[in-house]
Amino acid sequence: MEACCCNLEVDVNGEETFMVDKTVITQYSNKFARLFGKAGGAIGKLKVIFHDFPGGAEGFELMLKFCYNNGTADISPSNLFLARCAAEYMEMKEPVADVCNLLELTEKSLHEINYWTWSDVLIALKQCQNLVVLDCSEMVERCLDTIVGRLVLASEASPCPSTSSTDSSWIRFSCDSKSTESVKTSFTRLTWWFEDLLFFSPLLVAMLVKSMLLRKMDHVLISKFLLYYQKAKFSTSTTEEKSKIIEMVIDMHYGMDLSCVPCKTLFGILRVTLGLNISKCSRNKLETMIGSQLDQATLDNLLVPSPYGISYLYDVNLVLRILKAFLRRGNGAVTPIRMKKVASLIDLYTAEIAPDPCLKISKFLALATALPDSARDSYDEIYHAMDMYLEVHAQLSQEERVKICCVLNYEKLSPQACIHLSQNKKFPSKSAVQALISQQSKLKNLLHVTPSTSSYNDSPCSSSGAAQKVKKDKTSEQVVLYAGNFDLSTDNEKLKAHLQGMQWRVMELEKFCRKMQVQMAKITKSKASGNSYAKSLPKLCS
């Protein structure tokens, strides 16, 4: 090497100071060439201070070795990104004396990435991550593509490709269900790389997962890796770091096929977010994903504690948002079976939270009315929830009680619920009469009413005294079962008893309704015209 003159002092990020030959550096670096001019006249000693040199003193020293060795350097996976970032920063692009510059040299080294070992690729990515330089994003993507390509080949070579299971526990990779050892071996064969990639930052993991999705890697496996990464990193992360990690996990799941992500997994992620200040966008994505699978949820999944500062025992607003996401996601295409499952779940949830003394009537009604009437075959569970809510909230006004009762579809109440409601003093009397009338009408549809006094000897119920006389409006009528459409064998005693019970029930309801009609008529005549219910109830019973 020719003798050089150290006429330039370079302070690199305050870490170390280098004395260099300005002329040597300038011929390779366009940044210095612009700074001092290509002529390089004698100006005396100068000093340059760098505050953000990539790789610090180590990166600058690597660049110096290249310049002082006449454009040659030993580039390996362990220093490739360091050299690349230094070359980009110093603008070392153009060849000098028919010798390729540092940037081109790193590019040639990168072309050999397919011959690198697994460890070499990880070492290169670890160094790139430490540099935190976005200029090398193209090189990072090439390294990540190499990793994904090898994982895809490994999974295709695996004799157990059954990772598409949506089992909510753990992935069942085993092809031989007879051997527990086979399960462990198969699982390890597909997840051996989980531990190796734990040094990745959330940003690097996001880039990796996007590459995996493009290469159509199994979504179940990707999801398991994300959850493994999140659990492992949380043990040593700050609150702010935890928020970034879980946001990344949510964002990556949002781009997957949700049929590969169990509902239990999504609720698990939701509970992890409690107490963390994650972005509204990520929270909305998570709730949307849960909403799309709400029919697979359980009551325990929905019983999420309220956030700090909210008086409710459980987070009702969260459930309402998830329910809204379910309805919105369906866009009218939700199947009746799924809708009925969700309705049953919401009814159970409503009954569970009804005893909460802090639960406002607006929230209770929002839950009860969120789904269309067609979603419920029975309103018994909602009635049960109302009964408990009125028991705890005894201070509600009559108007508020009526508003709650308006949710009920009396036609879809069971006979037991109707009878209980008719005797329930917590409900307005108007609701009791509506329940009786509705039940009377429903039972009459199952019975045949005829003015004949015949005992209908051909009826299977006549021998057991099922045909009884009922006096109504001074006209003698006999209420009998219409058995023409029933094919009752001698062994079908249970059906007989059921029909007899229904006949007795309708007669009891008729008697009760007539009594209430008489009472209401008396109230009307006794100048109780101010009572709106006294006016409306006789009409309901007519």
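A student and a tutor chat about the structure above.

Student: Before we dig in, what kind of model is this, and how are residues numbered?

Tutor: It's a predicted model, where local features need pLDDT of at least 70, side-chain atom pairs count only at pLDDT 80 or more, and totals for chains, interfaces and linings use all residues. Residues are numbered from 1 along each chain as its sequence is written, and side-chain values use heavy atoms, with hydrogens and water left out.

Student: Cool. What's the strand order in the open sheet?

Tutor: The three strands run in the order 2-1-3, with mixed pairing. Strands here are DSSP runs of E with at least two residues, helices are runs of H or I with at least four, and both are numbered from the N terminus. Two strands pair if DSSP finds at least two bridges between them.

Student: Why do strand 2 and strand 3 each have a side without a neighbour?

Tutor: Strand 2 (16-20) and strand 3 (46-50) sit at the edges with a single partner strand each, so one side of each has no neighbour in the sheet. From one strand to the next, the twist averages 20°.

Student: And how many bridges join strand 1 and strand 2?

Tutor: Five, in the antiparallel sense, with strand 1 covering residues 8-12. Val10, for instance, has Phe18 in strand 2 as its bridge partner.

Student: Which helix lies across those strands?

Tutor: Helix 3 (residues 56-68) lies across strand 1, strand 2 and strand 3, at about 15° to strand 2. Contact means heavy atoms within 4.5 Å. Axes are lines fitted to C-alpha atoms, for helices over the stretch in contact, and angles run from 0 to 180 degrees between N-to-C directions.

Student: What about helix 10 and helix 11, how do they pack?

Tutor: Helix 10 (residues 219-234) and helix 11 (residues 239-254) pack at about 175°, with axes 10 Å apart. That makes the two roughly antiparallel (under 35 degrees is roughly parallel, over 145 roughly antiparallel, 65 to 115 roughly perpendicular, the rest oblique). Residues in that contact include Leu226, Tyr229 and Phe234 from helix 10, meeting a set in helix 11 that includes Ile245, Met248 and Met252.

Student: Switching topic: how many salt bridges does the structure hold?

Tutor: It holds 13, each being a side-chain nitrogen of Lys or Arg within 4 Å of a carboxyl oxygen of Asp or Glu.

Student: Which residue does Glu88 pair with?

Tutor: Glu88 bridges to Arg84, with the closest N and O atoms 3.7 Å apart. They're four residues apart in helix 4 (residues 80-90), about one helical turn. Glu88 is partly exposed at 23% relative accessibility, whereas Arg84 is buried at 9%. Buried means under 20% relative accessible area, exposed over 50%, and partly exposed in between (1.4 Å probe, protein chains only).

Student: Where do Asp373 and Lys412 lie?

Tutor: Those two form a salt bridge at 3.3 Å between the closest N and O atoms. Asp373 is in the loop between helix 17 (361-368) and helix 18 (380-392), and Lys412 in the loop between helix 19 (398-405) and helix 20 (415-422), so the pair ties together parts 39 residues apart in sequence.

Student: Last one: which residues are buried in helix 19?

Tutor: Arg401, Ile404 and Cys405 are buried there. Looking down the axis of helix 19, its buried residues fall within an arc of 95°, so they line one face of the helix. The arc is that of the directions from the helix axis to the C-beta atoms.
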